[in-house]
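Me: I would like to learn how to read a sheet and the helices around it in a model of a complex. Could you take me through one, step by step?

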Amino acid sequence: MHVKPSRMTLLRAFAAAGLTFLAAGANATEVNLYTTREPKLIQPLLDDFTQDTGIKVNTVFIKDGLLERVKAEGEKSPADVLMAVDIGNLVDLVQGGVTQAVSSKTLEDVIPANLRDPEGQWYALSLRDRIAYVAKDLDINTLTYESFADPKWKGKVCIRSGQHPYNTGLISAMIAHDGLEATEKWLRGVKANLARKAAGGDRDVARDILGGICDVGIANAYYVGHMKNAQPGTDARKWGDAIKVIRPTFQNGKSRGTHVNISGASVAKHAPHKAEAIQLLEYLVSEKAQSKYANANYEYPVRAGVKLDPVVASFGPLVVDPLPLAEIAKNRKLASQLVDKVGFDN
Amino acid sequence: MASTTEPLPLQASHSGTQRPRPWLEAGWGWRAGAALIAICVAAPVATLVWLAGMGDAGHWSHLIRYVLPEALTNTILLLAGVGVLVASLGTGAAWLVTAYTFPTSRILSWALLLPLAVPTYIVAFAYLDVLHPIGPVQSLIRNLLGYASPRDFRLPDLRSMTGAIFLLGFVLYPYVYLSTRVMFATQAANLIEAGRILGLSSRGVFLRVALPLARPAIIVGLSLALLETLNDIGASEFLGVQTLTVSIYSTWITRSDLAGAAQIALAMLGLVVVLIMAERRGRRRQRYSNTQRMRPMQARRLEGGPALLAMALGWLPIVVGFVVPVMYLASETAKHLHLTGGVSEQLWQSGLNTVRISLLATIVVVLCGLIVTWAARGARPGRPARIAGLCARASTMGYALPGTVLAIALLTPINGLDHALSWLRQSLTGMSPGLILMGSSTALIAAYTIRFLAISIGSLESGLARIPPSLEQASRLLGESPTGTFRRVHLPLLRPAIGASALLVFVDTMKELPATLLLRPVNFDTLATWLYAEAARGTYEEGAVAALAIVLAGLLPVILLARHQLKSGH
Amino acid sequence: MQPLLSVSHISLAYDTPEGRQEIVTDFSMALEKGHIGCLLGASGCGKTTILRAIAGFEPLQAGEIRLGTALLSSSGFLVEPEHRNVGMMFQDYALFPHLTVEKNIAFGLRRRDRREQEHRVRQLLELVGLETVAKRYPHELSGGQQQRVALARALAPEPDLLLLDEPFSNLDIDTRERLAFEVRDILKETGHTALLVTHNQAEAFAIADRIGVMRHGAIVQWDTPYGLHNHPANEFVADFVRREALMAQRAQAYLRGEGS
């Protein structure tokens with residue numbers, strides 16, 4: 001019958017085409033990077049690395065489930081470097097048993113101790129401070145995180161989902177600073193102050209401030225860099241121009257530091273190119289790469305003394321909350337449960 | 001009368017069968033194939049159960065107290081709201097376009113399918129901008145009312161249950177529209193005309209004849225739309241509605257609690273089972289094999305006031321579900337292109353990848369659907385085909401699994417298979433080829449098949465049911481074997497159903513996001529994953545380009561489907 | 001002479017969720033070659049089930065069905081419908097909607113070569129008087145035309161036996177009567193043996209040589225139309241056969257020169 005045979009041929013053709021999807025085999029001068037960071041962000045850095053060292057970088061972008069993927073690949077996994085955002089994810093990778101400890105003088109010199117794993121299982125590559133977006137015309141200059149629960153802000157606060165890692169990171173830090181009970185009270189207070197559902201992204205906080213939905217919000221700093229540096233006339237620029245930045249501190253913080261999260265990396269447990277992997281990490285904290293992070297992504301470099309983007313510099317110097325990130329990571333589960341208990345996202 | 005022993009000249013052959021198979025039952029080969037497919041679909045579900053079992057009781061009790069009740073309530077409310085909206089919009093539109101003729105009604109009949117090309121996450125993303133206080137709509141309203149700033153006047157926020165119901169309803173109604181319209185256009189003529197002759201008003205004809213007749217079609221379309229709602233992650237997430245799917249994501253991603261996510265997923269599966277059982281029960285009582293001549297219904301002509309009303313009602317869903325989002329995406333794309341002057345190479349590559357893999361997946365899905373549906377014919381209690389019938393139901397389950405959970409559940413079996421293959425290859429040839437399956441698109445195709453088999457099965461089952469049994473009997477008596485009958489009678493008559501399901505599957509695989517993100521091979525992007533990457537970065541303007549590309553690409557199958565509808569419907 | 005179709009002591013039953021339902025028990029009938037028989041009865045009397053058993057769609061619980069000396073069905077044995085060389089006309093015509101009239105008629109002629117097929121199709125189109133609509137599709141034809149295509153299609157592979165399952169029920173009264181006579185003429189011309197099943201006694205009387213009046217799965221009287229009318233076996237048959245209708249049928253037959 002004329003229908004079936006042509007379908008068979010088609011099927012065979014596509015099966016053959018399907019085989020062309022096979023991955024390339026492992027090679028000498030290359031390194032395999034599994035990352036949750038958007039390719040556009042890090043591609044320039046990787047290109048520079050290849051140019052300087054001749055080592056090819058094969059990138060796999062995995063938005064969710066990096067741990068599951070690497071775990072499932074097991075011993076044969078070709079992953080060399082695992083790059084992730086958020087301390088919680090990095091700690092998960094370690095606890096999931098897919099990383100290995102590496103030591104490198106370069107890494108240990110450049111990265112402060114509270115921003116790397118004591119055993120060398122993960123290293124911070126850039127800082128992402130979580131700060132306050134404030135309506136430009138509002139007359140305030142300092143804020144504490146705790147004050148967001150103050151009734152004077154009722155109906156004026158915007159923030160993304162409480163379960164989002166950026167927020168659970170902040171809540172974990174707060175638990176470490178103020179204790180579980182106080183943090184629960186704080187969360188309830190903030191929820192009562194919400195101008196709209198805790199949803200959307202960080203940039204939506206700026207947009208909603210412009211839209212008059214709220215006056216203050218909590219979001220990451222580097223988005224402001226993006227927005228204020230956008231071309232005039234674009235939406236992003238309009239939103240950026242509607243806000244100013246205040247770096248909040250913790251009420252009881254002795255050194256009055258701001259909460260930061262990080263983007264970081266680990267070397268995979270069964271990395272076929274371990275040496276190249278460490279080389280890549282060391283490259284990423286070099287002066288050149290760090291200034292790329294600073295200028296291209298508006299994140300705060302983990303390396304001291306790197307020249308900042310003017311917009312970022314205008315926020316003032318960043319004093320990092322000295323609490324070790326490893327400590328904060330321990331509270332993640334509690335923080336997430338607290339969000340559920342309070343029904344923050346409902 | 002002397003009886004002669006002389007045999008009469010006959011052509012009947014003497015070969016018969018011992019223990020004859022009951023009529024209408026497919027051979028064991030078909031049934032084995034169906035069983036294999038059902039197992040492949042069920043395997044991930046089994047993995048889920050196993051994964052769920054690995055979680056600790058402490059976390060389960062936390063989920064029950066704080067997460068599940070809210071998520072369950074929200075999900076049920078969302079389903080109910082979307083269900084009502086989708087059923088009314090879809091059925092109303094189908095009736096409007098079949099029973100009446102008015103200016104633009106012919107265009108409408110296919111244009112009403114357009115929202116199918118717009119994925120739920122894109123429509124949410126578009127409207128959040130369009131209806132934002134500083135967006136075009138509210139700015140216009142403020143201008144008209146004389147308010148200067150959004151701080152003086154604002155409409156309620158779209159990020160709510162109502163907003164979600166509204167958006168999902170206007171983008172998912174085509175499922176009901178599609179199935180109901182086919183029913184009205186081909187089956188209803190005689191009965192509807194009888195109703196009119198008996199003096200029923202138009203509304204009476206609609207409520208008392210057309211609606212009950214269309215019930216199976218409505219239920220089929222409704223169940224597809226509701227399953228789509230259950231699976232949606234993008235729209236619910238953007239709009240802040242804590243559905244079960246959103247909870248699964250947050251449980252897995254932020255708490256890295258795979259077991260907990262699997263537990264919620266199982267709860268969702270329970271909901272789906274209820275949905276599917278209700279749908280089957282609703283359909284069982286109906287006989288939809290129409291032995292009457294199939295001819296189109298006589299449409300009544302509308303003019304003047306009623307015609308305008310009909311036009312307004314008919315175009316409204318299209319405007320909301322398609323025109324507005326597309327215009328938004330087009331303008332954002334134009335802005336972006338004006339600013340940057342071009343489209344990236346990555347976008348082109350993503351597009352090609354998307355088309356290739358969707359085509360492959362569609363072929364696999366339709367073939368599997370044919371095998372399963374054919375094997376399940378004649379499924380009755382006590383018959384062996386009953387198992388094939390259960391296989392068909394089991395194969396439908398995959399649609400219930402949210403893409404991400406399905407992907408995770410698939411990782412384990414596929415990985416096992418991979419290691420086995422690798423071991424085999426190594427022991428046979430001494431070569432270590434690495435991970436073949438994970439590196440290829442096999443895992444992804446498997447995921448698409450599991451997820452979308454239901455579309456193929458549903459369409460083929462109702463297509464098969466529309467073929468009167470007498471056709472098969474006639475073919476058999478004319479000397480054709482069961483397989484020959486399938487080839488020469490059923491397949492050609494199933495072509496519309498095959499075509500319709502192929503197109504739906506194609507469009508759905510193109511739009512698919514969560515499973516693709518996890519299961520795709522190295523450096524392989526589809527349009528959807530590229531769009532999400534852009535959105536993750538926060539650069540919505542560039543994301544709009546990919547979104548527009550998805551919608552445009554998705555338009556083609558929709559238009560083909562619409563044209564095909566036009567041909568067969570009239 | 002040995003009958004062409006012999007149905008001996010057959011029993012038929014359905015399996016339902018409630019249990020086994022007996023339709024027909026110990027039913028027998030025989031049909032001579034070249035004769036047109038009819039099972040006449042109200043719906044539910046089992047006549048359609050018997051027809052389906054002869055076609056091979058229902059297995060027998062007991063008894064035998066033979067065509068000539070060849071065994072078609074018995075308890076535990078069934079020759080598949082496609083091997084029985086039996087043709088059938090259906091109540092809903094069952095024409096293949098995706099094929100033209102020509103292709104419909106040629107459907108059962110696959111085994112033959114092209115030339116032979118074309119010749120046979122032309123022959124049959126002439127026989128049923130549908131030469132002009134050969135290339136049309138079923139939905140473009142009237143009910144009467146469709147049923148004639150169905151007849152042509154069923155006769156094309158030269159079956160030993162033709163079964164008719166209430167073939168005229170879907171037609172309007174005028175077409176019904178006219179077509180019934182036409183079908184009889186055609187069958188007598190070709191010499192086919194046929195068995196009709198119907199609840200309409202006007203059709204039965206128009207077509208059949210022998211009619212079996214049925215009730216609850218059994219034949220009450222098996223006789224010629226004349227015999228049924230003039231010598232009804234009991235009240236039931238007498239009531240079933242209405243006098244006026246018979247007169248009209250017989251008058252027509254007499255006028256066309258047939259005996260009774």
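Reply: Let us begin with one pair of strands in this predicted model: strand 7 of chain C is joined by four bridges to strand 8 (residues 161-165) of chain C, and the two run parallel. Within this pairing, C:Gly87 stands opposite C:Leu162 of strand 8 of chain C. Helix 4 of chain C packs on the sheet, where it touches strand 7 and strand 8 of chain C, and its direction makes about 175° with that of strand 7 of chain C.

Me: What is the strand order of the open sheet in chain C, and what kind of pairing does it have?

Reply: The order is read from one edge across to the other. In chain C this open sheet has six strands in the order 7-8-9-3-10-11, with mixed pairing. Its edge strands are strand 7 (86-89) and strand 11 (218-223) of chain C, each of which pairs on one side only. On average, neighbouring strands of this sheet are turned by 20° against each other, direction ignored.

Me: How far apart are the end C-alpha atoms of helix 5 of chain C, and what span should its residues give?

Reply: The comparison rests on a fixed rise for each residue. Helix 5 of chain C (residues 173-190) has 18 residues, which at 1.5 Å a residue should span 26 Å, and because its end C-alpha atoms are 26 Å apart, the two values agree. Just after helix 5 of chain C, C:Gly191 takes a positive phi of about 80°.

Me: Which residues are buried in helix 5 of chain C?

Reply: The buried residues in helix 5 of chain C are C:Arg176, C:Leu179, C:Ala180, C:Val183 and C:Leu187. They cover an arc of only 110° around the axis, and therefore lie on the same side of helix 5 of chain C. On the other side of this helix, C:Asp174 and C:Glu189 are exposed.

Me: What do the buried residues of helix 5 of chain C pack against?

Reply: They pack against strand 3 (36-40), helix 4 (143-155), strand 9 (193-198) and helix 6 (201-207) of chain C. Strand 3 and strand 9 also stand next to each other in the order of the open sheet of chain C.

Me: What confidence values does the predictor give for chain C and for the complex?

Reply: One value concerns the residues of a chain, the others the complex. Chain C has a mean pLDDT of 87, with 95% of its residues at 70 or more, while the complex is given an ipTM of 0.88 and a pTM of 0.68.

Terms used: Residues numbered from 1 in each chain as written. Chains lettered and ligands numbered in written order. Predicted model: local features only at pLDDT ≥ 70, side-chain atom pairs only at ≥ 80, totals over all residues. pLDDT = per-residue confidence, 0-100. Expected span 1.5 Å × (residues − 1). Buried ≥ 20, exposed ≤ 12 C-beta atoms within 10 Å, placed from the backbone. Arc of directions from axis to C-beta. Contact = placed C-beta atoms within 7 Å. Pairing = 2+ DSSP bridges. Axes fitted to C-alpha atoms, helices over the stretch in contact; angles between N-to-C directions.
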